[in-house]
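Please look through the sequence and the model shown here. The paragraphs that follow go from strand pairing to a helix contact, then to a single residue and the chain overall.

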Amino acid sequence: MTVTSPFSRLFGPPGPRGLTPDALASLPRTWMTAACMNARFRRTEGWLGLCQCDSDPRAFTCRLEKHAGVFGLIPTSLDAEGSPRIIDYAICYFPSADDPWLDHFALHSAILAGTPDTQTRLRDFPAHDDLQAAFAIARLRVGVTPDGEGIGLSLTGERHRRVLVEAGIPAPGGGWLVPPDSADENLPAFALVRDLLATLAAGLRVATAAPPTFTAGFETPSTVYQLGLDGTLHTLPAPDASRDTDCLIWGAISGLKPVLIPPEAAMRTQGADLDIYRRDPISMAPVRERPETENDRPGLTLLSGFLGSGKTTFLNQFIEYHTGHNELVTVIQNELGETGVDAMLLEGDDSVIEVDAGCVCCTLSGALEPAIRALRDRYRPDVIVLETTGLANPLNMVEELKDLDHLIRLDAVVSIVDASRFHETLATSDIAAGQIAAADTLILNKCDLADEATLAAIHEELARVNPEARIIEACQGRVNPKLLETGFKRLLAEPEEIAPDDGPCCCGHAHDKPAHDAHHEHAHGHCCGHCGGQCEDAPDHQEHHVHQEHHAHSDHVSHLGEGFGYLKLELPEAVDGDVLTRLLVDCPKSVERIKGVVRLVGDPDLRILQFVPGHAEFVMPERAITEPPFLIVIGRGVDSPEQSAHWAQLTEKRPHATH
């Protein structure tokens, strides 16, 4: 039988380079780092992170979600030449001032835990002997066979660590804090540190892609401690005292058992069982190979909103909310232009897939399923957010979303509405009306930039365009996600489920058929899809129907029909801030949105420029930027000679325009 080497998964092929003292001492940090590359592991195990200590880089502190305090591991002995190699760690637990475990520690330890500078000092606890003496409560031994065919963990701690005080501890006002010959400390140390071992073992299982081959619990007789009248610590026999050990081995067993199991230990007959080590923290079978259930499917929130309405600002707070509730959010982000900008503004890890260079509701139709599969297979998220470009019409995505029902739960359609530019936007774009019509929740953003009369008029218009949607007012995108209504009811309803005279038409406007035809004839000058193909002579008819053939399931207006396009400007390494400001202030009225990466003269940092007419801001990115400086200008007629001439002052490079 060939044994897969878990050690080689962490250090490469077996060899002396993988068995150096530093490599051995760093082994727990190494496998936990590898395991944490899987976002689902961090979430399911409640692993809150690890911090290396400055005074001894081999030591580290870490936190678990289920404990208020901080764990610390520090190497106490190391044998890098023996067979097997052995490294021992002292395990400390530093309770917080309000930690329930604090009541079980000795009185002087509790006082030390409440000292103001203790929480700061424990970050580098190896430099502070008093912290180690007060809070070291167990031992972890890690063994590695020289050939790399086996790794073992052994945790040993007192079932109840009891310290009696012969003289007792008097209370300042009389009486006793601890009566004579009573326990100043009575700590179930093994149960406390066992939670840490379970998480470390889960991390090793994920890092090696293998479960332990051996799991057993042992116990040995122990003693209690007594602080004598002379101030010295003595041991006392105690028939009911015991020391527990849990032993886990991956791969080869024989060489590791003798050094991981204490001498004269007996199989444990009481105490918690070992199932916490046998569970599979992350199933090793790919998602698609397992039967799908309702709970396997992540919820999909479709996030739309016209250019500059504040989708990314809302999304950052949406992610933060779910992270705080131990839920993983992944994002499919769609932008016009070859280079995405909004992803640079999103907090979090790399669980964002950018689907660029086209609008997901038209030119990139069919791109959603592979993106969703990629996120599911890698992260197993609770929620997937599809953040569409500001020119996407969710009404054009109905059929494709229905086809994805086996992969996702269709939870909510959320549209962000810019209160500061509402009437102007709705008067010039049916796409904005379509975004409103599709939503089950409308977030009226930037309410601080509109007066009460304007907000009242906006509410009235929103209710007319989409009478069934919930409307939530917000500033800077701040909304409690629990308020978001779910269901996709409006977007996925079959046509016969909606009465012909109820609600808005395909463009989002609630008007009758003659008014509809007149509106579209005036707004577009070509067929709107309701003519039955009888307007062959209308301008742009052929182009429009090519687009409609591509979307045989839908005839809702798109950014192509409204003439929107984008222009990418390649910028020099640094631009004059005054020149850029003037060009933004005087930019053509057809420009709806500008975003990109710029470096201003005199500023060493690259910044993200976010611009809508009347407002510009420069913000620091949340992620490293590797692209050279650029701007994406979005609007109508951006490829006109006038537009090119306007921006030519900013760069000598020829801009690239597209629709």
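Two strands are taken to pair if DSSP finds at least two bridges between them. The model discussed here is a predicted one.

Strand β12, residues 233-251, is a convenient place to begin, with strand β11, residues 214-227, as a partner. These two strands run antiparallel and are joined by 13 bridges. One of the bridges links Leu227 to Leu233 in β12. Since β11 covers residues 214-227 and β12 is paired to it, Leu227 and Leu233 can be found on either side of the hairpin loop, which has 5 residues between the strands. Within this hairpin of β11 and β12, Gly231 adopts a positive phi near 85°.

Strand β12 is also paired with strand β6, residues 150-158. Here 9 bridges are found, and β6 and β12 again run antiparallel. Ser154 can serve as a landmark for this pairing, with Cys247 as its bridge partner in β12. Strand β12 is thus bridged to β11 and to β6. As a general point on such elements, side chains in a regular strand alternate between the two faces of the sheet.

Next come two helices. Helix α3 spans residues 27-35 and helix α8 spans residues 189-208. Their axes come within 8 Å and cross at roughly 65°. Angles of 65 to 115 degrees count as roughly perpendicular, and α3 and α8 are therefore roughly perpendicular to each other. The crossing of α3 and α8 is left-handed. On the α3 side the contact is made by Trp31, Met32, Ala34 and Ala35. They meet Thr199, Leu200, Gly203, Leu204, Val206 and Ala207 of α8. Sorted by class, this contact of α3 with α8 holds 8 nonpolar residues, 2 polar ones and no charged ones.

What is the setting of Ser415, and is this residue buried or exposed? Ser415 lies in strand β18, which covers residues 409-418. Buried means under 20% relative accessible area, and Ser415, at 1% relative accessibility, therefore counts as buried. Leaving aside residues up to four places away in sequence, Ser415 touches Ser304, Gln435, Ile436, Ala439, Thr441, Leu442 and Ile443.

Finally, the protein as a whole. It has 21 helices and 26 strands. Of its 659 residues, 52% are buried. Among contacts with a separation of 6 or more, 71% are between residues 24 or more positions apart.

Terms used:
Residues are numbered from 1 along each chain as its sequence is written. This is a predicted model: local features need pLDDT of at least 70, side-chain atom pairs count only at pLDDT 80 or more; totals for chains, interfaces and linings use all residues. Side-chain values use heavy atoms; hydrogens and water are left out. Helices (H or I, at least four residues) and strands (E, at least two) are DSSP runs, numbered from the N terminus. Axes are lines fitted to C-alpha atoms, for helices over the stretch in contact, and angles run from 0 to 180 degrees between N-to-C directions. Angles under 35 degrees count as roughly parallel, over 145 as roughly antiparallel, 65 to 115 as roughly perpendicular and the rest as oblique. A crossing is left-handed if the near helix is turned anticlockwise from the far one by less than a right angle, and right-handed if clockwise. Contact means heavy atoms within 4.5 Å. Ala, Val, Leu, Ile, Met, Phe, Trp, Tyr, Cys and Pro count as nonpolar, Asp, Glu, Lys and Arg as charged, and the others, Gly among them, as polar. Buried means under 20% relative accessible area, exposed over 50%, partly exposed in between (1.4 Å probe, protein chains only).
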